[in-house]
Amino acid sequence: MASASVTGILCSSISSSSVAIDEGFPKHTKAHLAPSFLEDLKDCQHCDMDQLLSVFLEHCRATDYSTDPLTPRIPQSKGSSQSSEAAPDATTAPNRNQKGALDITPVTHELLEVCLEKIITVCNDPKMKASIKHYQESHKEKSEYRPFVQLANRALDNNTITTKGNAARFPDIVVVPLASAQRVRGTTGGWDESTDQSSSRNSFDWADVLFAAEMKWFHGTSGYQRPEAYDTNLKLIYRPIPTHDEASKFASILSGDYVSYSSANSGPSVSPSLDLAGPGPTHESPSLAKYQQDGVEAHRSAEISRPVEISQPSGAFRGHKRTSDHLPQVTQATPKKPTLDKDAVNHETKNNMQESMRQLSINAAEMLRCSLGRRHALGMIIFDAIVWVWWFDRQGAIQSKGINIIEDLPRFPVLLFALQRFTLADWGFDVELDPSIPPRHNTGPSLTSRPVQLEFGREDGKFKVEFTLGPDIVLHNVFNLRGRSTTVFRVTGRVNNNNSGLVAKLYWPSQDRPHEADIIECARKDPDLVDHLPYVFGSRDLDPVGTRRIRQELGIDIRSPRSPRVPRIILFGELHPITKLSGNQFVFAWLECIRCHYWTWENSIRHLDLSLQNLMLCPRNEPGHPGFFGVVNDWDLSDKIEDKDEKNLFESRKDLTKTLLFTSLELLDANPDEQVIQKYSHDLESFAWILIWVFLAVKEGKTQPTIEVAAWRTSHPGTSYEKRIVYLSSRRKYKPHKEWEPYWLIAWDVTEWLQSRIPKDDLVAFYADKKTEEKDETPEERKESPRKFLKIVKKRYGGDMPSSPEIPGL
C-alpha cells in the first residue's frame with residue numbers, strides 16, 4: 001500500500017494558482033471564486049469529532065504486516081470494522097465496473113478509547129503543559145502560528161507553494177512530506193536541516209500538500225485554564241461554523257456546550273499493545289511550519305503524519321450551553337481588548353469565520369485538482385484554542401464539531417497520531433493515475449514523468465491505453481470544489497474503429513444517474529444519430545463506493561443533501577470544439593447539433609445541460625459535404641424519459657445541475673424550492689443563448705467576452721438571471737466581435753424569439769410570478785418549437801440548412 005514519506009505540518013505562505021475555468025474564466029482570484037465556493041459550503045454536512053477521529057484511526061489499522069513501515073500502522077483486531085472485508089484501496093485497480101457496492105457500517109469508538117487512554121501521559125507531561133502555556137501567551141495571529149506548531153510538535157518553515165497560473169493562495173498552515181521539504185531545500189537531512197533554511201524561497205507544489213489549515217486570533221478563546229490533569233472525557237463541544245451568510249450568533253459558538261454522559265462506551269476489545277511513541281509509515285511524518293514576514297524560524301520537534309477526523313463518543317450525551325459564570329479566567333498574559341458591544345463582536349467573528357472558510361475551500365479545491373483522480377482533501381480551521389476539521393470531496397464538504405485543545409487536549413494529539421499513519425490513499429491520492437506522487441512523498445528517485453497504462457474491457461476483448469501526465473495532454477479542466485469536476489485528456493492506444501485519436505474523460509457522476517456510456521449506446525441505436533454522437537470505446541469506475549464510504553463510516557449518509565458520487569473514466573474518440581469554425585460553417589454545425597438534440601429527445605433521451613463546451617465536431621470525409629459533423633457531447637446529466645412517469649419528471653429548482661450561462665431563464669426562477677419539469681423548450685433556449693454568447697464573447701476561436709457580457713460568467717443563479725434579462729430589454733447596447741457582425745441579425749431575431757416566449761412586457765415580473773406548468777410538452781408542441789426556431793434562423797442565415805440527422809417533417 002502506497003504511503004507518504006514522513007510528513008510535517010508547516011506554517012507557511014502558499015502562493016498558488018489555477019488553469020482557466022471553462023466557459024471563459026481567465027484566471028482564479030479569490031474575488032471570483034469566493035461566492036461560488038461559499039455557496040458550495042452552505043449544505044455541508046456535520047459530524048461529531050469523536051466519530052471522525054474513530055474513522056481516521058480505523059483507516060490506520062494494519063492489514064499487511066510484511067511492509068515494515070517507518071511509522072507502524074495500528075494492529076488489526078478481530079472485531080475491527082476493517083478486519084473482514086476492507087474497502088478497495090484507492091491506489092489499486094479493483095473491478096472498476098462493479099455494480100452495487102457493499103454497504104459500510106459506521107465505525108465504532110473502541111480504538112479511539114484505547115488511544116485516548118494511552119495519550120494521557122503525554123498530555124500531562126510538563127513539557128506539553130509548557131507548550132500550551134506558550135501558545136496561550138501569543139497575542140497575534142502571525143505570532144500564534146509558531147507556538148501552535150510547537151504545541152503540535154512540528155517543525156517551522158517559510159515557503160511559497162505554487163500551482164498553475166498566477167492567483168495567490170496563502171494558507172496559514174500546511175502539511176508536507178519530509179521528502180518534499182528535502183527536495184525544496186536541497187538537503188538530505190532531517191526536519192532540523194530541512195526547515196532551518198531561512199534564506200530559501202523555493203516553492204512547493206500543491207501535490208506536496210497533504211493538509212491545509214486556516215488560523216484566526218480571537219482573544220476570548222485562548223485564555224481557558226488548563227486542568228490540573230487531563231482525562232479521556234470530552235468536556236466541551238463547539239457547534240459547527242455556520243455556512244449560511246444569514247446565520248446569526250457566530251460569536252456564541254465560541255462559548256461551547258458542556259457534555260454530560262448518560263452511558264459508557266461499549267464495543268469489541270482492541271489490542272492493548274498499541275505503541276503511540278513508535279518510530280515512523282513508509283512515509284515520513286508531517287511537520288508544522290510558520291510564515292513570518294521577517295523570515296523563518298525553524299525548530300525540530302516530534303514528527304506526525306496524516307489527518308484524522310473526530311466525533312462524539314458512542315455513549316449518549318447531551319450538551320448544555322456554557323453560561324457566562326463558566327467562562328474561562330483570562331490569564332494575566334492575555335492582553336485586554338476594548339469592550340465591544342455584542343453586535344460588533346458577532347460581526348467581527350462572522351467576518352473571520354467566513355474569511356477562513358473562503359480561503360480553506362479554495363485551498364481544498366487546489367488540493368483536489370493538483371493530482372489526477374485525487375479523491376478528497378482535508379483541512380482545519382483554528383480559532384486559537386478551538387479546532388474544526390474539514391473533509392472535502394466531490395459530493396460536498398463535511399465539517400466536524402469543534403474541540404478545545406486546551407481543555408480537551410488528548411483528542412488533538414490523537415488526531416496527529418492518526419495523521420502520522422495515513423497512506424497516500426488516505427490522503428486521497430490515486431497513484432495508479434498519478435505515479436508521480438510516491439516519489440514526491442518519499443525519499444528516493446527524482447521526480448520524472450512516468451507513463452500510465454489503463455486497461456479497459458470491450459465485447460471484443462481487453463485493451464490498454466497510455467498517457468504521460470503533463471499540461472500538453474489536458475484538453476478540458478474545471479477548477480471547482482464539488483460536482484462532476486470533469487478533466488479530459490489525450491491518451492494513446494490501438495483500438496478498432498478509431499480514426500480520430502482517443503481522449504479519456506475523468507469525472508465524478510452521481511451514483512443515482514444513468515451511466516453516460518449506456519445513454520450514448522442507447523441513442524446510437526438510431527442510425528441517423530450515429531454521426532452526431534460521441535463514440536465510447538470503454539469505461540471504468542475507479543471506486544464503486546466513492547463518496548458514500550466516508551459518510552457511511554461516519555453514520556451520516558442518510559442525512560446527506562446530495563447523492564453520492566463515484567470516480568469514473570470513459571474513453572471516447574477525440575472530438576474538436578465547435579469554436580474552431582467561424583461564419584457559415586459554425587452556424588451550420590450549430591444547427592446540426594439542434595437537430596441531433598431534438599431527435600434524441602424524441603427518442604426519449606434528454607440531455608439537460610447544453611453549453612458551448614458540449615457542442616463539438618467530428619471529421620467528415622464525404623465529397624460535396626462540409627468536412628465535419630456537429631456533435632452533441634457530454635451526456636452525463638442526461639436521462640431516459642421512458643424510465644419516468646409524468647409525476648417523476650418534477651424536480652426542485654435547487655437540485656438542478658446546469659451550466660448557468662446557458663440555462664433557460666424560466667429555470668432560474670427566484671423560488672428555489674418550486675417544482676419544475678425540464679422541458680424541450682428549455683434546452684432549445686440554451687441553444688439560443690449559446691449562439692448569442694458566441695457572437696458577443698468568442699474571438700478567433702477563444703473566449704474573450706465584450707465588457708457588456710463579462711459579468712454573465714457567474715456562479716450565482718440570480719446574477720445570471722438578472723444580467724441576461726437586461727440584455728433582452730436593451731439589446732441595442734450590445735455589439736458583437738467584428739468577425740460576427742455579418743451574423744448579428746440572426747442573434748437579433750433569436751433574441752426576439754426569446755422575448756416572444758414571454759407574454760408580459762415586464763420581463764422581471766413575468767419570471768418572478770410565473771408558476772410551474774403542470775404538464776410536460778406534447779410531441780406536437782415539441783416539434784413546433786424547433787420548426788419555428790429554425791425558420792427564424794434561416795431568414796437571416798445565408799448558407800445551406802443542414803438535413804442531418806434526418807427528421808421527418810423538419
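In what order do the five strands of the open sheet with β16 stand? Take the points below in turn, with the structure open beside you.

1. **The five-stranded sheet.** The model is predicted. Its five-stranded open sheet has the order β16-β17-β18-β20-β19. The pairing is antiparallel. Two strands sit at the edges: β16, residues 474-477, and β19, residues 536-541. Each of these pairs on one side only. From one strand to the next, the twist averages 20°.

2. **A helix on that sheet.** Helix α11 covers residues 516-523 and packs on the sheet. It touches β18 (502-507), β19 and β20 (568-573). The direction of α11 makes about 30° with that of β20.

3. **One edge in detail.** Look at edge strand β16 and its partner β17, residues 487-491. They pair in the antiparallel sense over three bridges. To find the place by residue, start at Val474, which stands opposite Phe489 in β17.

4. **The three-stranded sheet.** Another open sheet has three strands, in the order β21-β23-β24. Here too the pairing is antiparallel. The edge strands are β21 (576-577) and β24 (628-632), and each pairs on one side only.

5. **How β23 is held between its partners.** How many bridges join β23 to β24? Strand β23 runs over residues 615-619 and pairs with β24 over five bridges. Leu615 stands opposite Val632 in β24. Cys618 has Phe629 of β24 as its bridge partner. Towards β21, the pairing of β23 covers two bridges and is again antiparallel. Pro577 has Met616 in β23 as its bridge partner.

6. **A helix across the three-stranded sheet.** Helix α13, residues 583-602, lies across β23 and β24. It runs at about 45° to β24.

7. **The largest cavity.** About 60 Å³ of space lies in the largest cavity. Its lining includes Asp40, Asp43, Cys44 and Gln45. Gln395, Gly396 and Ala397 are also among the lining residues. So are Arg482, Arg551, Ser560, Pro561 and Arg562. By class, the lining has five charged, four polar and three nonpolar residues.

8. **Where the cavity lies.** Why does the largest cavity lie between domain 1 and domain 2? Both domains give residues to its lining, so the cavity lies between them. Domain 1 is made of 46-60, 107-258 and 342-441. Domain 2 spans 451-574.

Terms used: Residues numbered from 1 in each chain as written. Predicted model: local features only at pLDDT ≥ 70, side-chain atom pairs only at ≥ 80, totals over all residues. Heavy atoms only, no water. Pairing = 2+ DSSP bridges. Helix = DSSP H or I, 4+ residues; strand = E, 2+ residues; numbered from the N terminus. Contact = heavy atoms within 4.5 Å. Axes fitted to C-alpha atoms, helices over the stretch in contact; angles between N-to-C directions. 1 Å grid on protein atoms, 1.4 Å probe; cavity = no way out; pocket = protein on both sides within 12 Å on 5 of 7 lines; lining within 4 Å. Points joined across faces, edges and corners; volume = space filled by probe spheres on them. Nonpolar A, V, L, I, M, F, W, Y, C, P; charged D, E, K, R; others polar. Domains from an automatic or database assignment.
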